[in-house]
Amino acid sequence: MLRGKQSWWFENKPVIIGAATVVGPDEGEGPLASEFDLVHPELDMQQKSWEKAERLLLEQASEFAIQNAKMDKSGINFYVGGDLMNQIISNSFAARSLGAPYLGVFGACSTSMESLAIASQLVDSGAATHVMAGTCSHNCTAEKQFRYPTEYGSQKPPTAQYTVTGAGAAIVASTGEGPVVECATIGKVVDLGITDPFNMGAAMAPAAVDTIQAHFNDTGRTPGDYDLIVTGDLAGVGHPIAKDLLMQNGVPMDHTEFNDCGLMVYDVEKQKVQAGGSGCGCSAVVTYGHLLKRIARGELKRVLVVATGALLSPLSFQQGESIPCIAHAVAIAAGKELSP
Amino acid sequence: MASKGNTSSPYKKMSMSPKEYQAFAKEKEPPRSVLGNCVKAFLVGGSICLVGQAISELFVHLMNMTPEEASNPTVAVLILISVILTSLGVYDKLAQFAGAGSAVPVTGFANSMCSAALEHRSEGLVLGVGGNMFKLAGAVIVYGTVAAFFVGIAHLILGTGGQ
């Protein structure tokens, strides 16, 4: 049900009964390598195109998620997913293999939490009992579509980010064992006029701030209610900006651990990823791989994932438009208790 | 149950105007070492030219060409090396280090065409490779030709009268 202006409170406690992540070689060399279900040693995954490789990631992630949930794919009522490709082809093609009724969504890199929020809402409202949310990105498809050919020699500035090769899928159910989706805050599009596509962290930071504040206003919670708050892919430049802005606005972010999936997925010092990770897969693999496992291990009780997305297209930035950004927040907690 | 949504926010709203925010974000950008990049570009670009000079000398001394005759096969060899390095996935990594040092020589031009051709092979030989090969290099050719035209005009008027 609606809580405050833009948040959904899930009274019926939808449960994430299974999730899975599949990643590429760079993520496999990162600090979270052991948390992923499958690490591909090569970027092409023996496929004929980068696009096919990205689709394979998602197909495998959804397959593993169904296995981890100990169910059959015929039990999935709806599949909600999206990605960065034009016309979200990775998801539409993967949904073809899955065969479940499908809702394609697009929120750029915020798609991970957008799809999870919608899946939880469908389950909470009784529109479904089992909904899968999924998303994926591939470094080379993103380079090809948004920047230059992958082998083109251009120097990237230190503000640039490295698109995560990975896919994550989670199955939300009305009953079962697992972490609970408590509430979600749907973000507004925020655009403070940043035009540099090589500095998306700075472009997206205000959107993350807007959604985080809206979340606290709507739910009455404070940062201290969370063991961990992560942004999706603000990385080395955007994340400190978001923290500064929140502190300036009087949000006590020092009462919680505030991190960023783009800084967690890679060893930013050692791996050549400029400011850190980005892409739909970034927040998806960190949330569904790392954070859900930490909740299961009892290391975290409640986390807020604020997935951030830059809603630009190659056309819009070539035409000199600024970068509209969005962030969606989903609160995930251990067990079945819904406490204040 | 959590408390109901607050009607008044305990936190301040974002008060920065887009202009103020852009200035604030600019401050947060990690500095780019212009001097360091220039030195790296000079060293790598210079090394590529040195290799080119060595190839040219080989043609002159081993195949008895004049320096003028040697220039075309030298460029061809450099292009070949660049295409091989691009195909092996090395050239883009070199470029991240070298910046303009690997972009400006003829090897950079070859890299721009080869990388586009490789990237779009999956869309077929005609629409993929053929249609996209000049995606990046096309701009260089167009504006190179335009620049040559104006230099030619200037040369005609101010220079040796077209001689």
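This is a dialogue about a predicted model, in which a student asks for reasons and a tutor gives them.

Student: Why is Gln87(A) called exposed?

Tutor: Count its neighbours. Gln87(A) has 10 C-beta neighbours inside 10 Å. A residue is exposed if the count is 12 or fewer. Gln87(A) therefore counts as exposed.

Student: And what makes Ile88(A) buried?

Tutor: Ile88(A) has 20 other C-beta atoms within 10 Å. The cut-off for buried is 20 or more. So Ile88(A) is buried.

Student: Where do Gln87(A) and Ile88(A) lie?

Tutor: Gln87(A) is found in the loop between β5 (78–83) and α3 (89–98) of chain A. Ile88(A) lies in the loop between β5 and α3 of chain A.

Student: What is notable about their phi angles?

Tutor: Gln87(A) has a positive phi of about 55 degrees, although it is not a glycine. Ile88(A) is not a glycine either, and its phi is positive, near 35 degrees.

Student: How do you know that Glu35(A) is buried and not exposed?

Tutor: Use the count again. Glu35(A) has 20 C-beta neighbours inside 10 Å. Buried starts at 20, so Glu35(A) counts as buried. Glu35(A) sits in the loop between α1 (25–28) and β4 of chain A.

Student: Which residues does Glu35(A) contact, leaving aside neighbours within four places in sequence?

Tutor: Glu35(A) is in contact with Gly289(A), His290(A) and Lys293(A). Take Lys293(A): it is 258 residues from Glu35(A) in sequence, but their C-alpha atoms are 7.5 Å apart in space.

Student: Why is Asp233(A) called buried?

Tutor: Asp233(A) has 39 C-beta neighbours inside 10 Å. The definition asks for 20 or more. Asp233(A) therefore counts as buried. This residue lies in the loop between β11 and α7 of chain A.

Student: Which residues are in contact with Asp233(A), beyond its neighbours within four places in sequence?

Tutor: Among them are Cys109(A), Gln161(A), Cys261(A), Ser283(A) and Thr308(A).

Student: What makes β3(A) largely enclosed by the rest of the structure?

Tutor: Strand β3(A) covers residues 15–23, and nine of the nine are buried, so it is largely enclosed.

Student: How do you know that β3(A) pairs with other strands?

Tutor: Pairing needs at least two bridges. β3(A) and β9(A) (residues 166–173) have eight bridges, in the antiparallel sense. Val23(A) stands opposite Gly166(A) there. β3(A) and β4(A) (residues 38–39) have two bridges, in the parallel sense. There Val22(A) has Leu38(A) as its bridge partner. Both counts meet the cut-off of at least two.

Student: Why are the side chains of β12(A) said to alternate?

Tutor: Follow residues 257–260 of chain A. Phe258(A) and Asp260(A) point to one face and are buried. Glu257(A) and Asn259(A) point to the other face and are not buried.

Student: What joins β11(A) to β12(A)?

Tutor: Four bridges join these strands, which run parallel. Val230(A) stands opposite Asn259(A) in β12(A). Between the strands, the chain crosses through helix α7(A) (residues 235–248), and this β-α-β crossover is right-handed.

Student: How many residues does the largest nonpolar core have?

Tutor: The largest nonpolar core has 124 residues. Ala65(A) and Val305(A) have the most contacts inside it. Helix α6(A) (residues 200–219) gives the most to this core, 10 residues. Val305(A) touches residues including Met113(A), Val230(A), Leu291(A) and Ile332(A). In soluble globular proteins, nonpolar side chains tend to be buried together.

Student: How many residues does each chain bring to the contact between A and B?

Tutor: Chain B brings 37 residues and chain A brings 40. Four helices of chain B, α1 (18–28), α4 (91–98), α5 (100–103) and α6 (106–119), each supply at least two residues of its side. The largest share, seven residues, comes from α6(B). The side of chain B divides into 15 nonpolar, 15 polar and seven charged residues.

Student: How do you know that α6(B) spans about what is expected?

Tutor: α6(B) has 14 residues and reaches 20 Å from its first C-alpha to its last. The value expected at 1.5 Å a residue is 20 Å, and the span is close to that.

Student: And why is α6(B) called largely enclosed?

Tutor: 13 of the 14 residues of α6(B) are buried, so the helix is largely enclosed by the rest of the structure.

Terms used: Residues are numbered from 1 along each chain as its sequence is written. Chains are lettered from A and ligands numbered from 1 in the order in which they are written. This is a predicted model: local features need pLDDT of at least 70, side-chain atom pairs count only at pLDDT 80 or more; totals for chains, interfaces and linings use all residues. A crossover is right-handed if, with the strands pointing away from the viewer, the path from the first strand over the helix to the second runs clockwise. Two residues are in contact if their C-beta atoms, placed from the backbone, lie within 7 Å. Ala, Val, Leu, Ile, Met, Phe, Trp, Tyr, Cys and Pro count as nonpolar, Asp, Glu, Lys and Arg as charged, and the others, Gly among them, as polar. A nonpolar core is a set of buried Ala, Val, Leu, Ile, Met, Phe, Trp, Tyr and Cys residues joined through C-beta atoms within 7 Å. The expected span of a helix is 1.5 Å times one less than its number of residues.
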